[in-house]
Amino acid sequence: MATIVFYGNPQSDENLEQSNWLSTRGHEVDVRDLTQEAWSVSSLRPYFGAKPIREWFNPNAPRVKQGEINLENITPQQALVMLILEPELINAPLMRIGSHCEAGFNLKELAHWIEISPLGAKGH
């Protein structure tokens, strides 16, 4: 099973459920507070890979929902600065599995990097 560094938003019940889901399937999950991490452009950028900038942002963040941030006309550098200054805007969770980084909780993507076992893989 994998060791996963899981950066979640502590205000998100969904992130809590996701980290618990991974844990109950036998993975070691090191849960960290996304909003308290000292992000930099070089530490944050790898999590987004080739995803479109729109997918870097939490669609439920008030500033995104209200259209205050125009995700169509933003450069990667501008997006990273915004996300560093307001980590609540990040499409959480951010996960690091070995040297691989991933943003968002997409089981199809995760299955490329970790084993997705049935519930109770730890013998629960």
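The exercises below, each with a worked solution, concern the fold of a predicted model and the surroundings of asparagine 9.

**Exercise 1.** Determine which secondary structure elements the protein chain contains, and in what order they run.

*Solution.* Begin with the inventory, which comes to 5 helices and 4 strands in the protein chain. Then follow the elements from the N terminus on, and the order reads β-α-β-α-α-α-β-β-α.

**Exercise 2.** Decide whether the radius of gyration of the protein chain agrees or disagrees with that of a compact globule.

*Solution.* Take the expectation to start with: for 124 residues, a compact globule would have a radius of gyration near 14 Å. The protein chain has 15 Å, which agrees with that expectation. As a further description, the C-alpha atoms fill a box of roughly 50 × 25 × 25 Å along the principal axes. Buried residues account for 40% of the 124 residues, and, of the contacts between residues at least 6 apart in sequence, 67% join residues at least 24 apart.

**Exercise 3.** Locate asparagine 9, classify it as buried or exposed, and describe its contacts.

*Solution.* In the chain, asparagine 9 lies in the loop between strand E1 (3–8) and helix H1 (13–24). Its relative accessibility is 15%, and because buried means under 20%, asparagine 9 counts as buried. Turning to the side chain of asparagine 9, one finds that it reaches the backbone nitrogen of glutamine 11 at 2.9 Å. Finally, once neighbours within four places in sequence are left aside, asparagine 9 is in contact with Asn15, Leu34, Thr35, Glu88 and Ala92.

Key: Residues are numbered from 1 along each chain as its sequence is written. This is a predicted model: local features need pLDDT of at least 70, side-chain atom pairs count only at pLDDT 80 or more; totals for chains, interfaces and linings use all residues. Side-chain values use heavy atoms; hydrogens and water are left out. Helices (H or I, at least four residues) and strands (E, at least two) are DSSP runs, numbered from the N terminus. The radius of gyration is taken over C-alpha atoms; the globule rule is 2.2 Å times the number of residues to the power 0.38. Buried means under 20% relative accessible area, exposed over 50%, partly exposed in between (1.4 Å probe, protein chains only). Contact means heavy atoms within 4.5 Å. A polar contact is a pair of N or O atoms within 3.5 Å; within protein, one must be able to donate a hydrogen and the other to accept it, and residues adjacent in sequence count only if both atoms are side-chain atoms.
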